[in-house]
Amino acid sequence: MSTAVDRAYRDLSPLDVRIQTHRRYSEADHDVEADVLAAAAVTADDRLLDVGPGTGTFLARLSAAGHTAALTALDFSAESAATCDRIPGVHGLRGDAGHPPFAAAAFDVVTARHMLYHLDDPAGAVVQARRVLREGGRFAAVVNREESYPLMKAVRHEVLTRHGITIPPTPDERVHGGNLPDLVAHGFGADAVRILRRDNALVFPDPEPVVAYLRSTLTLLGVPEDAALRAAITADLDETTRARFRTLPGGIWREPKGYVVVTAIA
């Protein structure tokens, strides 16, 4: 796990900005949590492990729906683990997806939603998910489709380059919808893999949510926590985004995106 990723998830508010942006500005009304539940055929009596639960909305949804079996959250972020532990019926633990502290065959379902791309060894984490699943248990992973958010990435690259910051490969350039099926097949076998793809877009009518989204990614990309530098970058993002808006047909910013759900049976 990189230092930048560790810093980025000590505070979950930037993650929540991104979650709320997708809920408010997505062109199609796709429900990724519902897609995962359906793809993994989750029932109320499944012992479920959610690896990388973030703000815990997925587990809160299951809890509110009356899930009867144990729900477990595992995250390297102490804030995430504590947040999930406060959800009724959920046990939140801080730990490493590559070395989950569970016995073999401890779960009926393991989910890994928008998190494999943060790991140094995502293939190893998939193998560990297979280990902790019972025979016949289900695994579901979600990542972004390849080549998502091209306009925002171009603006961010332009601005950070002006400030002398070299951007490392973003997480979804390492693990994405194009290579996730092979990654899961490495742990479960190619015959066990099933794929669901959802293509979509973010549609922004004004610059403010674009700038907020871009700001929420800065720590994740390793931008130093220097107040003066952050203020300068934010002002530049705002100016550059507004200038880009003026060039768009109809003044609408349409950002292609999507996700891929890959499931497998142990």
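This tour visits the largest cavity of a predicted model and then a buried serine. Residues are numbered from 1 along each chain as its sequence is written. Because the model is predicted, local features need pLDDT of at least 70 and side-chain atom pairs count only at pLDDT 80 or more, while totals for chains, interfaces and linings use all residues; side-chain values use heavy atoms, without hydrogens or water.

**The largest cavity**

Select Val51, Ala97, Val110, Ala125 and Ala129. The model holds 2 cavities of 30 Å³ or more (a cavity is a set of points on a 1 Å grid over the protein atoms alone where a 1.4 Å probe fits but cannot get out). The largest encloses about 100 Å³, the space filled by probe spheres set on the points. The five selected residues are the closest to its centre among 15 lining residues, those with an atom within 4 Å of a point.

Next, colour strand E1 (48-51), strand E4 (107-113) and helix H6 (122-132), each of which supplies at least two lining residues. Helix H6 contributes the most, with 5. The lining comprises 14 nonpolar residues, 1 polar residue and no charged ones.

**Ser148**

Move to the loop between strand E5 (133-144) and helix H7 (150-162), where Ser148 is found. Ser148 counts as buried because its relative accessibility is 1% (buried means under 20% with a 1.4 Å probe, protein chains only). Display the backbone oxygen of Arg145: a polar atom of the Ser148 side chain lies 3.1 Å from this oxygen. Finally, select Lys153, Pro256, Lys257 and Gly258, which Ser148 touches (heavy atoms within 4.5 Å), leaving aside residues up to four places away in sequence.

Terms used
On a 1 Å grid over the protein atoms alone, a cavity is a set of points where a 1.4 Å probe fits but cannot get out, and a pocket is an open set with protein on both sides within 12 Å along at least five of seven lines; lining residues have an atom within 4 Å of a point. Helices (H or I, at least four residues) and strands (E, at least two) are DSSP runs, numbered from the N terminus. Ala, Val, Leu, Ile, Met, Phe, Trp, Tyr, Cys and Pro count as nonpolar, Asp, Glu, Lys and Arg as charged, and the others, Gly among them, as polar. Buried means under 20% relative accessible area, exposed over 50%, partly exposed in between (1.4 Å probe, protein chains only). A polar contact is a pair of N or O atoms within 3.5 Å; within protein, one must be able to donate a hydrogen and the other to accept it, and residues adjacent in sequence count only if both atoms are side-chain atoms.
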